[in-house]
Amino acid sequence: MLNVGCRTKVSELIANRYSPYDFSEQEIPLEDIKALLEMARLAPSSYNEQPWKFYVGFKDDKIYDTLLDTLFDSNKRWAAKAPVLIGVTGRTNLFLNGKKNNYMEYDVGQSVAFLTLEAMERNIYLHQMGGFDKNKFVESFNLIEDEKPVVVIALGYNDEKNPHRKGRKELKEIVVSERNIF
Ligand SMILES: Cc1cc2nc3c(=O)[nH]c(=O)nc-3n(C[C@H](O)[C@H](O)[C@H](O)COP(=O)(O)O)c2cc1C
């Protein structure tokens with residue numbers, strides 16, 4: 001299992017986070033979703049470009065149904081129970097000078113990480129998905145040329161009876177250092 005030591009509230013939230021496949025049908029209050037999005041806004045980004053955009057769908061509204069429709073069947077099967085789906089896009093070019101933003105995906109991921117921590121604080125779980133039809137997303141939301149879909153996220157309250165926690169690589173596999181921190 002995960003070899004982690006939690007010394008702070010933040011590390012506890014990080015250690016307890018995982019991506020469930022089973023959500024309860026309980027609705028998420030609007031103010032909670034707003035708070036999550038407010039935290040996503042605060043993430044750092046290259047040149048402070050804030051290249052992200054969030055398409056927020058609540059069960060049975062048009063945005064929700066459109067996002068659900070973009071998902072690959074393997075994801076649609078379980079994600080359809082989630083009360084909220086969020087599609088996240090990023091601007092491929094810099095607002096600054098129109099050149100390619102090489103850090104767009106990095107920045108979008110970081111904003112989703114901020115959103116995730118605020119969600120965990122409110123006992124809301126996320127399951128991110130790359131398994132969706134990007135072309136369908138572009139067409140359905142009529143995205144402009146330099147707006148690219150990055151991820152679709154299912155959000156809700158965790159209803160898993162037997163959670164399966166995924167393992168992680170050991171520190172020595174992912175860290176390079178001259179000090180013995182392994
Ligand atoms: C960018 C991204 C794309 C992902 N795509 C999918 C997906 O299409 N379907 C799925 O079931 N899980 C998907 N996941 C979830 C990962 O499989 C999961 O985060 C990873 O196995 C670690 O497990 P954990 O989040 O439970 O710790 C994705 C996660 C990320 C960050």
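## Helices α2 and α5

Let's start with a pair of helices: α2, covering residues 30–41, packs with α5, covering residues 104–121, at an angle of about 140°, and their axes are 7 Å apart. Angles over 145 degrees would count as roughly antiparallel, so this value makes α2 oblique to α5. As you turn the structure, note that α2 passes α5 in a right-handed crossing. Keep in mind that this is a predicted model.

Which residues make the contact? From α2 come Ala35, Leu36, Leu37, Met39 and Ala40, while α5 provides Ser111, Phe114, Leu115, Glu118 and Ala119. Sorted by character, the residues of this contact of α2 with α5 are eight nonpolar, one polar and one charged.

## Helices α1 and α5

Helix α5 also has α1 as a partner. The axes of α1 (residues 9–16) and α5 come within 10 Å and cross at roughly 95°. Angles of 65 to 115 degrees count as roughly perpendicular, which means that α1 is roughly perpendicular to α5.

Here, Lys9, Val10, Leu13, Ile14 and Asn16 in α1 meet Leu117, Met120 and Glu121 in α5. The residues of the contact of α1 with α5 divide into five nonpolar, one polar and two charged.

## Around the ligand

Now look for the ligand, which has 13 residues around it. Which of them come nearest? They are Ser19, Asn75, His127, Gly130 and Arg168.

Some individual atom pairs are worth finding too. His127 places a polar side-chain atom 2.9 Å from a nitrogen atom of the ligand. Gln128 uses its backbone instead: one of its backbone N or O atoms lies 3.0 Å from a nitrogen atom of the ligand. For Lys166, a polar side-chain atom lies 3.1 Å from an oxygen atom of the ligand.

How values were computed: Residues are numbered from 1 along each chain as its sequence is written. This is a predicted model: local features need pLDDT of at least 70, side-chain atom pairs count only at pLDDT 80 or more; totals for chains, interfaces and linings use all residues. Side-chain values use heavy atoms; hydrogens and water are left out. Axes are lines fitted to C-alpha atoms, for helices over the stretch in contact, and angles run from 0 to 180 degrees between N-to-C directions. Helices (H or I, at least four residues) and strands (E, at least two) are DSSP runs, numbered from the N terminus. Angles under 35 degrees count as roughly parallel, over 145 as roughly antiparallel, 65 to 115 as roughly perpendicular and the rest as oblique. A crossing is left-handed if the near helix is turned anticlockwise from the far one by less than a right angle, and right-handed if clockwise. Contact means heavy atoms within 4.5 Å. Ala, Val, Leu, Ile, Met, Phe, Trp, Tyr, Cys and Pro count as nonpolar, Asp, Glu, Lys and Arg as charged, and the others, Gly among them, as polar. A residue is near a molecule or strand if one of its heavy atoms lies within 4 Å of it. A polar contact is a pair of N or O atoms within 3.5 Å; within protein, one must be able to donate a hydrogen and the other to accept it, and residues adjacent in sequence count only if both atoms are side-chain atoms.
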